[in-house]
Number of protein chains: 2
Amino acid sequence: MSTLSKPTGHTKEACNASVNAVRDALYVLNGKWKLPLIFSLSEGPLRFNEIQRSLGDITPKILSKELQDLELNEFVERKVMPTKPVTVIYELTPYSDSLSSVLEELKKWGMAHRKKIMRAKQAPVIALDDRTEKELAAAPAAL
Amino acid sequence: MSTLSKPTGHTKEACNASVNAVRDALYVLNGKWKLPLIFSLSEGPLRFNEIQRSLGDITPKILSKELQDLELNEFVERKVMPTKPVTVIYELTPYSDSLSSVLEELKKWGMAHRKKIMRAKQAPVIALDDRTEKELAAAPAAL
DNA sequence: GATATTAGTATCCGAAAAGATAGTAGTATC
DNA sequence: GATACTACTATCTTTTCGGATACTAATATC
């Protein structure tokens, strides 16, 4: 039995509100590139092509879409510089800092979960490091 | 400018490790039904058909798959009871409680974000309540 | 005038996630 | 013997996501 529902009580309305709030939060971080993008920009502003190079294999279409998503959520600001061939710089907003505690919690939990899976399966570290996160999270019992 | 990268420094390796850990965490919560399912079971153990009824419009195929995912991640335990027509009960494990602080952070952030969006757009509350979370999070500027 | 660089957009494509619909095995009831 | 309930599984279709490839407009360089 669990205590997950204790803090807010467990009325249907409270649960739905919680689910919706958590979903809102997950939604803004979701997809393959949001996190790499945020971490990449956390080292400083970058231009479009610089981001593309730093992420390696993202296509311009996807990068453009992801940057627009981040802009809509006010994590990233897009600045067009009036240079000869125009340069566009993207940088994290102060608001993006509000994510830090959430990301910190997710990171802590993710690392602990990975350790649990490693312990549970007694798999050698090297083998674990070779697995993708998807495999790790989706099929821990298979390790 | 942001301070997102400060706590762990910003070496390439540290960033990748963080991204992977956060991704691990997001992965186990991802998909349309994981959260409703967890919240539903947080009120107590339920049988397959009871879960289906409580979630409304999930198909048995999807429900079965989601429950298996949760079982693999050790959030849910599946117990087969030797009754006349067999009954199967699903319940949250003690390990699922480890999610509570993560979910609490996500909930807090999600609620604050929604409020920010509401303030930013000065949209009437009723209009906001009519929107889906996807619309809210994906296109806040359109409110 | 040909080529390169800027920051993208347009079109098509394949994989994966989700859903609709139907069926299954075992038991019990009418 | 027909129907219903249990907990699913099988098959097919739709929707969504991400990617490959090619292209654009404006300026600058060779």
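**Notebook: two chains and two DNA strands**

I began with a contact between the chains: from H1(A), the residues A:Ser18, A:Ala21, A:Val22, A:Asp24, A:Ala25 and A:Leu26 touch B:Leu103, B:Leu106, B:Lys107, B:Trp109, B:Gly110, B:Met111, B:His113 and B:Arg114 of H5(B). Sorted by class, the residues of this contact come out as eight nonpolar, three polar and three charged. A reminder to myself: this is a predicted model.

Next I looked up how the two helices cross. Helix H1 of chain A covers residues 12–29 and helix H5 of chain B covers residues 100–121; their axes lie 7 Å apart at an angle of about 85 degrees. Because angles of 65 to 115 degrees count that way, H1(A) is roughly perpendicular to H5(B).

**Chain A overall**

I then stepped back to chain A, where I found seven helices and three strands. Read from the N terminus, their order is α-α-β-α-α-β-β-α-α-α. Chain A has 143 residues, and 31% of them count as buried. I also checked the contacts in chain A between residues at least 6 apart in sequence: 38% of these join residues at least 24 apart.

**The sheet in chain B**

Which strand order does the open sheet of chain B have? I read E1-E3-E2, three strands with antiparallel pairing. Strands E1 (46–47) and E2 (76–81) of chain B are the edge strands, each pairing on one side only. Following E1(B) further, I found two bridges that join it to E3(B), and the two run antiparallel. Here B:Arg47 stands opposite B:Ile89 of E3(B).

**DNA strand D**

B:Arg47 turned up again when I moved to the DNA. Around DNA strand D I found 19 residues, and those that come nearest are A:Gly31, A:Lys84, B:Arg47, B:Asn49 and B:Pro60. Two or more residues each come from helix H4 (60–72) of chain A and, in chain B, from helix H3 (48–55), helix H4 (60–72) and strand E3 (87–92). By class, I noted nine nonpolar, five polar and five charged residues on the surface near DNA strand D.

**DNA strand C**

Which residues are closest to DNA strand C? I noted A:Arg47, A:Asn49, A:Val88, B:Gly31 and B:Lys84, out of 19 residues that surround this strand. At least two residues each of this surface are supplied by helix H3 (48–55), H4 and strand E3 (87–92) of chain A, together with H4 of chain B. The classes near DNA strand C are nine nonpolar, five polar and five charged.

Definitions and conventions: Residues are numbered from 1 along each chain as its sequence is written. Chains are lettered from A and ligands numbered from 1 in the order in which they are written. This is a predicted model: local features need pLDDT of at least 70, side-chain atom pairs count only at pLDDT 80 or more; totals for chains, interfaces and linings use all residues. Helices (H or I, at least four residues) and strands (E, at least two) are DSSP runs, numbered from the N terminus. A residue is buried if 20 or more other C-beta atoms lie within 10 Å of its own, exposed if 12 or fewer, and partly exposed in between; C-beta atoms are placed from the backbone. Two residues are in contact if their C-beta atoms, placed from the backbone, lie within 7 Å. A residue is near a molecule or strand if its C-beta atom, placed from the backbone, lies within 6 Å of it. Ala, Val, Leu, Ile, Met, Phe, Trp, Tyr, Cys and Pro count as nonpolar, Asp, Glu, Lys and Arg as charged, and the others, Gly among them, as polar. Axes are lines fitted to C-alpha atoms, for helices over the stretch in contact, and angles run from 0 to 180 degrees between N-to-C directions. Angles under 35 degrees count as roughly parallel, over 145 as roughly antiparallel, 65 to 115 as roughly perpendicular and the rest as oblique. Two strands pair if DSSP finds at least two bridges between them.
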